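Subject: Handover of a structure and notes on it

Dear colleague,

Please find below the structure that I am passing on to you. I would be grateful if you kept it open while reading the notes beneath it.

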Amino acid sequence: MSKRNKKETSNRAKQAQRMLKIYGQDVEKGTEQRISNARKSLEISDPLLVEAMGLRRDKLRWDASIANISVLAESRIPQSSFSQAARREARLSILLSDHGITSQDSHNAGQILTWDANAEARAFRQGGKMSDAVTAALEPTLETVSSKMFKEKSVSRICDVGSGAGVLVPLLKEYGVGAEQIVGVDISNEMTMVAGRAHPGATFVTADWMTYDGDGGLFDVVVFLMSLHDLAEPIAALTKAVDLLCDGGSIIISHPKGAEHVEMQNRRAPDLVPNLLPSFEDLEVFCGQGDSESERSLELECFEGDGAAGYLAVITCCRGGGEGDMGEVNQEQEEPTGLER
Ligand SMILES: C[S@@+](CC[C@H](N)C(=O)[O-])C[C@H]1O[C@@H](n2cnc3c(N)ncnc32)[C@H](O)[C@@H]1O
């Protein structure tokens, strides 16, 4: 075994020990325990927020359970369940209106509890070898990101929204992107901590994407890798990305497991995964609105997102109503040029 391989094996063994200490023998149970402990602490410091989180979770699960059911199936649900749902909704709207808790607050609090508890385990999993299927599904994303990064200048910046344990850093390194070019933003402090520890050359910021100011700079690429559907309002998150994008810059939305996988997650846990990945039509409407703050237009350059295969969408921001370095954009056209479906 080479010296390098020996070092990697010994590092991996140390990480495994660390995992055992944090989660115990059963990572799933250990994670649930960590979430439950964090919820109890939050209940002491902010009981109304925890109440709103619980009500929101139950409401979303109830809504999902009665969506699209037949009249016959609906008639079999006891009336008391409907009354309970109505009481829950009334209490939730009191918390929202009288106590200044927004539904985004309760969503974000759930995200923080969940991802803080998962951070070490995710970092450990991603430090190992990814499956061939995921690696293959990620290739078009990494190629697109790197081609955008080197399009005009060598010192371009990329923002990785919902950066998690920083998986993009080693992957992009293989495509020539330096760690120092990458800024990861994540709402979970545990995630940015493990990411910073594993990838010291990159910058990781703990912040809600919706309030992040770019630390005074703009980005050439803003990427949402497996994260857009976790944000409370995906379209608002894309608008925010446009605000932080240079002229000619691109937004890249990617999920190696595809839209159907996210649909399944949404059905299973609508409180944690409240949104689907945007459809072709959603993105067309979004791009049609352009950048309301400036003269820039948005082009949906690529969409490969229907079905079970990996999801990849690329939106490019062009200066001056459609003439950017991506070529002519004819807004009269029904479909943008170069669109792949
Ligand atoms: C499914 S994980 C994906 C992590 C990483 N991109 C990856 O591919 O491994 C989603 C991440 O989005 C983060 N997140 C959720 N809401 C966020 C928000 N409002 N602002 C920033 N990050 C957020 C979560 O903390 C979590 O780390």
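The notes below go from the whole chain to one strand and then to the ligand.

Please bear in mind from the outset that this is a predicted model.

The whole chain

Twelve helices and nine strands make up the secondary structure of the chain. The radius of gyration is 22 Å, and the globule rule gives 20 Å for 341 residues; because these values are close, the chain is as compact as a globular protein of that length. The C-alpha trace spans about 60 × 60 × 40 Å along its principal axes. Of the 341 residues, 37% are buried. Among contacts with a separation of 6 or more, 69% are between residues 24 or more positions apart.

Strand β7

I suggest that you look next at strand β7, which covers residues 311-318. How many of its eight residues are buried? Eight of the eight are, so the strand is largely enclosed by the rest of the structure. A residue counts as buried here when 20 or more other C-beta atoms lie within 10 Å of its own. Both faces of β7 are covered. On one side the buried residues are Y311, A313, I315 and C317, and on the other they are L312, V314, T316 and C318.

Two strands are joined to β7. Strand β5 (residues 245-255) runs antiparallel to β7 and is joined to it by six bridges; here S254 stands opposite L312. Strand β6 (residues 297-304) is also antiparallel to β7, with seven bridges between them. In this pairing, L298 stands opposite C317. Thus L312 and C317, each buried in β7, can serve as points of reference when you trace the two pairings.

The ligand

Which residues come nearest to the ligand? Of the 20 residues around it, these are W115, G162, G164, S188 and W209. Two elements, α6 (103-127) and β2 (182-186), give two or more residues to this shell. Helix α6 provides the largest share, with three residues. Sorted by class, the shell holds ten nonpolar, seven polar and three charged residues.

Where does the ligand lie with respect to the domains? Domain 1 (28-118) and domain 2 (130-328) both give residues to the shell, and therefore the ligand lies between them.

Yours sincerely,
A colleague

Note on methods: Residues numbered from 1 in each chain as written. Predicted model: local features only at pLDDT ≥ 70, side-chain atom pairs only at ≥ 80, totals over all residues. Buried ≥ 20, exposed ≤ 12 C-beta atoms within 10 Å, placed from the backbone. Helix = DSSP H or I, 4+ residues; strand = E, 2+ residues; numbered from the N terminus. Pairing = 2+ DSSP bridges. Near = placed C-beta within 6 Å. Nonpolar A, V, L, I, M, F, W, Y, C, P; charged D, E, K, R; others polar. Domains from an automatic or database assignment. Rg over C-alpha atoms; globule rule 2.2 N^0.38 Å. Contact = placed C-beta atoms within 7 Å.
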